[in-house]
Amino acid sequence: MKIPTCTHLKFIQKIIFVIVLTTIVSCSAKGKPERSKTNINDSWLYLENDSEALPNTQTKEWQSINLPHSWNSTDVTDLEPGYRRNGSWYAKKLTFNNVVPNQNYFLYFEGANINTQVYVNGKEAGGHIGGYIGFEIDITNFIHKGENEILVRVDNGYDPEVIPSQKSDFFIYGGITRDVWLVTKPNTHIAKIQITTPTVSNEKATLNIEASLNNIENSSNLSLKASLLNPKGDEVATQSIPVSEATTTILFDQILNPELWDTKTPNLYTVSVSLVENNTVKDQVEDKVGFRWFEFVKNGPFYLNGKRLLLRGTHRHEEHAGVGAAMSNKQHRADMELIKEMGANFVRLAHYPQDPEVYKACDELGLLVWDELPWCRGGVGNDIWKTNAKNMLSEIITQNYNHPSIIIWSLGNEIYWLPDFEGGDDTTKINDFLTELNDLSHKLDPARKTAIRKYYEGSHIVDVFSPSIWSGWYSGSYKSYQKAIDLYKKEYNHFLHAEYGGSSHVGRHSENPITGEGLIKADGWEEAIVQTKVANIAQIGDWSENYIVDLFDWHLRISETDTTFVGNIQWAFKDFGTPLRPENDIPYMNQKGLVDRNGNPKDAFYVFKSYWSDVPFTYIESHTWTERQGPKDLARTISVYSNCNKVAFYHNDQFLGEKERDINKFPASGLTWDINFTEGENKLVAVGIPTTGNQVSDTLTVNYRFQKNGTAKDLVMSYKLLENGNYLATANAIDENGLHCFDYEDRVYFQCLSGGKLLESQGTPTGSQSIGMSNGKASIEVIPLEKNKNIEVMVINQSFKGTYLTITP
């Protein structure tokens, strides 16, 4: 069989694309809807060149890529300070075997960061200011039969007149970071439909469809037909009305016994709207709708469909290891499914609108949404800045309007902080503009609420407010959380707590983590227990997984037992990149995630799952803590996180008792056992006994020693083969007797000298060439370049000048 060359493949792709277009034309000739939507992510060219002059696509500097794409996918997390902030070019050839008369052609970009210009056959067809939101470019008058050249310039350079501020605690990725589509529509077409549910109850609902139509003056005998299909696909209502104006409204006012949308059963109906001319369908669009109603009770809880619902939330930044913001739809969906698996029912999209796949997933999975305008820090700007910000808010609301999952339009976060313009932190000016945004939001969407976080001077302007509460991290102790929420429930009419938590470094543990009172205790070797008060745990704490487990456990115990609390939103679900944290254990990473940047759960994930999930499970803390030490006969407390009614525990096959879960107890809802480890291997088994259904179990093997390590004197290396064919190279700190130093946390640097390359700049525990050690251990993935060739790897730091490892295939 002859393998096609790159040239052959491009030719094949071109043929396939032409066939698709021919099919569309054929359908049009038969009078069927002339609307089509074709994904064109594949086979683009990319040029890293900041010039604004139209480039020549025939030069060798162009790279072949597929979309989504960002030029910052890995440079944001490498060890070189800063990241590329300027322009680049994208190019693609589109071939049309026919340009259909009376049909319009568009390029639809789901998002490109930050500013975009689009050229077709050498002429500027349009552009867009601002990232994170979709836009459409009409290319009808620029294309012709045959081959057409598309050029797109995207620029993420510093521009204080476009939000978000560069002082934000996240990277502003450049590129075409989301899907691109070729869309065709008849000249007279449905521009958009806006769906509202004016009244909803268990017995009855009404549905209003407002359809905006383009170019109806060139047609006659137009009518609009709308159908409503229930979640099973059965038609439950239909209506046709004549069209005489560009905006036409259809009302269904007798939808009996609607199947409601909620977080447990997210029932979605389908709205189908057809534009008909002389009994021929000219255009058709569909969208989903959910019937639900909600209420924030004054100084009280939240209600969905008439029932109290505790908002169990987390935050999501749009990025992933290796690709940055250029995530695939599969990766977006995986994030949201993992959030739902944890048991969350609410997500704050921080700090910007996100990919359409995310909203679709939230609708389908039953996740309520706080959608946010990216006014993040920077204060208030000049008139151009204000115009851009208002335009973006209008785009966010207009494009995401029909999603039943969205209940809040957030107008910003920490907006007063670090002004980009002189006088930008003037609270009078900020409040004036915040009022404009609030009024605009309610004008565009009277049914949903507005919100803002950590701008106290404007808390009275919006509907829902979140103060800043970081109990046990940036100040105070986590045991002060109840006092804080009691205060703010009274102070703000509609108080929803967004952002709490702290950083944790995967695999780092402490035998005695900082207590809820903010005390550091000795680890048990000394005769007297020494206690030290910690004022700011974020700066002084050890970033251990077990401290964060305790912090979240306490917060959840409080929120789950407070009957008048709206709920809270943990920060953040996944580790994400930030230019403001170069010295973190994983450089340039905000490590407050419940999962790492690859989506692998940390211990804290299972704490949330134990409170929120309905699917029975059991987890012994901790699977990243399998080597420990301590004095002989000193008991260690083992916590088990489970949502089962009872848990039985075994140590080396000895039954240590069965305990009943009680969320009023701390830690681990009372599921703790004091263990006297034996020297060497210890087998721990926890068996969860749910009220109904099968038992679930978890097993953990811990190697324990009675000898305390001394000061680290060297680094030693080892490796193992991974299932993907790569190798995991691991460095361990040891003392003069060869004991693993569990207390060594200094940074180490990996290098691959020959035969392979490091999986680096991923921002993950095994994908960072520079990383702080976790209990005296650090690893990195190594990719072989050739079969049967040795690979040389080195690890160094300031104290140890080089340890070498030879990986032999």
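The chat below goes through a helix pair and a sheet in a predicted model.

Student: Start with helix 4 and helix 5. Where do they sit in the sequence, and at what angle do they cross?
Tutor: Helix 4 covers residues 383–400 and helix 5 covers residues 427–444. Their axes come within 10 Å and cross at roughly 25°.

Student: Parallel or antiparallel, then?
Tutor: Angles under 35 degrees count as roughly parallel, so helix 4 and helix 5 are roughly parallel to each other.

Student: And is the crossing left-handed or right-handed?
Tutor: The crossing of helix 4 and helix 5 is right-handed.

Student: Which residues meet there?
Tutor: From helix 4, W385, K386, A389, K390, L393, S394 and I397. They meet F433, E436, L437, L440, S441 and L444 of helix 5.

Student: How many of those are nonpolar, polar and charged?
Tutor: The contact of helix 4 with helix 5 has eight nonpolar residues, two polar and three charged.

Student: Switching to the sheet. What is the strand order?
Tutor: The order is 3-2-4-9-6-7, in an open sheet of six strands with antiparallel pairing. From one strand to the next, the twist averages 25°.

Student: Which strands stand at the edges?
Tutor: Strand 3 (63–65) and strand 7 (123–129). Each has a single partner strand, so one side of each has no neighbour in the sheet.

Student: What about strand 2 and strand 4, how many bridges join them?
Tutor: Three bridges join strand 2, residues 44–47, to strand 4, residues 87–96, and the two run antiparallel.

Student: Which residue in strand 4 is the bridge partner of L45?
Tutor: A91 is the bridge partner of L45.

Definitions and conventions:
Residues are numbered from 1 along each chain as its sequence is written. This is a predicted model: local features need pLDDT of at least 70, side-chain atom pairs count only at pLDDT 80 or more; totals for chains, interfaces and linings use all residues. Side-chain values use heavy atoms; hydrogens and water are left out. Axes are lines fitted to C-alpha atoms, for helices over the stretch in contact, and angles run from 0 to 180 degrees between N-to-C directions. Helices (H or I, at least four residues) and strands (E, at least two) are DSSP runs, numbered from the N terminus. Angles under 35 degrees count as roughly parallel, over 145 as roughly antiparallel, 65 to 115 as roughly perpendicular and the rest as oblique. A crossing is left-handed if the near helix is turned anticlockwise from the far one by less than a right angle, and right-handed if clockwise. Contact means heavy atoms within 4.5 Å. Ala, Val, Leu, Ile, Met, Phe, Trp, Tyr, Cys and Pro count as nonpolar, Asp, Glu, Lys and Arg as charged, and the others, Gly among them, as polar. Two strands pair if DSSP finds at least two bridges between them.
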